[in-house]
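Please read this briefing with the sequence and the 3D view side by side. It goes through sheets, helices and empty spaces in turn.

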Amino acid sequence: MIPYRPEPFTNFAEEKNMNAINEALEKVSAELGRDYPLVIGGEEVMTEERLVSVNPSAKKEVVGSVSSADQALADKAMHNAAATFKTWSRIPVEHRAGYLFKASAMMRRRKHEFSAWLMLEAGKSRAEADADTAEAIDFMEYYARQALELKDRGQQTLVRLPGEDNHLEYIPLGVGVVIPPWNFALAIVVGMVTSAMVTGNTVILKPASQTPVIAYKFYELLVEAGLPAGVVNFLPGRPDVIGDYLVDHKLTRFISFTGSRAVGLRIHERSSKVAPGQIWMKRLVAEMGGKDAIVVLDDADVELAAQNIVASAFSFSGQKCSACSRAIIHEAVYDEVLNRVVDITKGLKVGDVRDASNYTGPVIDEKALNKVMEYVEIGKREGRLVAGGKPAGDEGFFVEPTIFADVDPDARIMQEEVFGPFVAFTKVRDFDHAMEVANNTEYGLTGSVFTRNREYIERARTEFHVGNLYFNRKCTGAIVGVHPFGGFNMSGTDSKAGGPDYLLQFTQPKLSSEIL
């Protein structure tokens, strides 16, 4: 088998690549406004209630309308998935992996088309959309190979005993409810769905309400790849109607969730309760965000640090759980780093992502816009506004990249996740003080340290308590198979998506022993 290699990013500086993505944009734009069904066991269902997806760069533009499930349809989907599990769980892993290899090849051929959907439904720039699609391809390629390796893992670890034939295998759990976020509306959907199905589970996919169309496009791809009906069921619906219902259902074996701390903790609490007729403890795989920091020490390359703070804080308008929202700067270089970050930030253009000259696009919706503006008002009381702080146009949900300086480490804007183009600067005395401030949060997802000092690097490996720690580079941009991704504390269960242990969470080990 060809070894796994991450999908390369597209260089849009090349004219042929820019022409290709623009042609894909034209194609996708001609398909806007269509109606999409929910799908249960391969059966398409159209409902009166709809979820309407709009283009956050042009909020009057409808991307598509999807059917919205009620609890009766959710129950039907659950029972269908449970029935399908009986056959799918017995399909050889080589065949299950084969569907992923085929689907990844198909997505690779239609890469720009999927990226174009991300531009229009999620408001991603060309580069951000391309990275999202590349990650989706990577998840399929990587998890397919990992599933094949998992088949042999048990036999490689058992101690042999004369006179016995022992087998350790990793069997699937059952029906999983997959609840992905809107910010990586393709990559995380693909990763969460395929990790569950390639290990032999069946899936109820409840896409994010803001980005259901791109999720449906992925479902369509699986169908085109030949995936049997009922393995993945596409079930959009309002969270207040079917969210708790799916989590609470007695047939739910596991919940795979990526989203906010508040929703993740609610799922954690509800999933721990045993429903009548339930014969297992539900498993939760959760990634719940972060309050990520970049630490810049007195010996750092200031220009490198400044460029990476801007990229980490403001790419995709800061709507990444790994985005830098705290800049912790040594007092000796504080003013220099802050001033350089402000200069770079003021040169960024914000607007409709179809215009390639815009560095970043909108936040996802009006609720997100209002939340950022609320934190701007909080920030004015807690720090010094040095850049941004205002909406950036009426056509879409645009916000200027915003920087607050001279913020106390205990301030709200240093503690609470904003999830927008928003970063707060604080000053520290030395390395020890920097680590104290960096760890002064209930989250623990990503972080970066900029220093040339080897002692500081080695100490930070131990003392900076985050799931993904980087040195002299941005704190975003984890690549499947290269940077297994997941965090500590209130950032989730440290599930390490895109890593060699991830598939174990969707399996249970079973030993069989025979006397010879």
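What follows is a short set of points on a predicted model, grouped by topic.

**The sheet of 7 strands**

- One open sheet is formed by 7 strands in the order β14-β15-β16-β13-β12-β18-β19, and its pairing is mixed.
- Strands β14 (384-387) and β19 (468-471) are at the edges; each has a single partner strand, so one side of each is left without a neighbour in the sheet.
- From one strand to the next, the twist averages 20°.
- Strand β15 (residues 402-405) is paired with β14 in the antiparallel sense, over 3 bridges.
- Ala387 has Ile403 in β15 as its bridge partner.
- Helix α15 (residues 454-463) packs on this sheet and touches β18 (446-450) and β19. The direction of α15 makes about 170° with that of β19.

**The sheet of 3 strands**

- An open sheet of 3 strands follows the order β1-β5-β4, also with mixed pairing.
- Its edge strands, β1 (34-36) and β4 (50-55), each pair on one side only.
- On average, neighbouring strands of this sheet are turned by 35° against each other, direction ignored.
- Strands β1 and β5 (residues 58-67) run parallel and are joined by 3 bridges.
- Opposite Tyr36 stands Val66 in β5.
- Helix α4 (residues 111-122) lies across β1, β4 and β5, and runs at about 95° to β4.
- Helix α7 (residues 212-224) also packs on the sheet, where it touches β1, β4 and β5. The direction of α7 makes about 45° with that of β5.

**A pair of helices**

- Two packed helices are described by the angle between their axes and the distance between the axes.
- For α2 (residues 71-88) and α8, the axes come within 9 Å and cross at roughly 35°.
- This crossing of α2 and α8 is right-handed.
- On the α2 side, the contact is made by Gln71, Ala74, Asp75 and Met78. On the α8 side, Val241, Ile242, Tyr245 and Leu246 take part.
- Sorted by class, the contact of α2 with α8 has 6 nonpolar, 1 polar and 1 charged residues.

**The largest pocket**

- The largest pocket holds about 1200 Å³ of space.
- It is lined by 39 residues, and the closest to its centre are Trp182, Gly259, Ser260, Val263 and Lys367.
- Two or more lining residues come from each of α8 (239-248), β10 (252-258), α9 (261-271) and α12 (366-382).
- Helix α9 gives the largest share of this lining, 6 residues.
- The pocket lining has 20 nonpolar, 8 polar and 11 charged residues.

**Cavities**

- Rolling a probe the size of a water molecule over the atoms shows where empty space is left.
- There are 2 cavities of 30 Å³ or more in the structure.
- The largest cavity has a volume of about 90 Å³. Of its 15 lining residues, Gly318, Ala323, Ser325, Glu417 and Phe419 are the closest to its centre.
- The lining of the largest cavity has 7 nonpolar, 4 polar and 4 charged residues.
- The second largest cavity has a volume of about 50 Å³. It is lined by 14 residues, with Lys291, Arg326, Thr441, Tyr443 and Val466 the closest to its centre.
- The elements that give two or more residues to the lining of the second largest cavity are β12 (292-296) and β17 (443-444).
- That lining has 6 nonpolar, 5 polar and 3 charged residues.

Methods
Residues numbered from 1 in each chain as written. Predicted model: local features only at pLDDT ≥ 70, side-chain atom pairs only at ≥ 80, totals over all residues. Heavy atoms only, no water. 1 Å grid on protein atoms, 1.4 Å probe; cavity = no way out; pocket = protein on both sides within 12 Å on 5 of 7 lines; lining within 4 Å. Points joined across faces, edges and corners; volume = space filled by probe spheres on them. Nonpolar A, V, L, I, M, F, W, Y, C, P; charged D, E, K, R; others polar. Helix = DSSP H or I, 4+ residues; strand = E, 2+ residues; numbered from the N terminus. Axes fitted to C-alpha atoms, helices over the stretch in contact; angles between N-to-C directions. Left-handed = near helix turned anticlockwise from the far one by under 90°. Contact = heavy atoms within 4.5 Å. Pairing = 2+ DSSP bridges.
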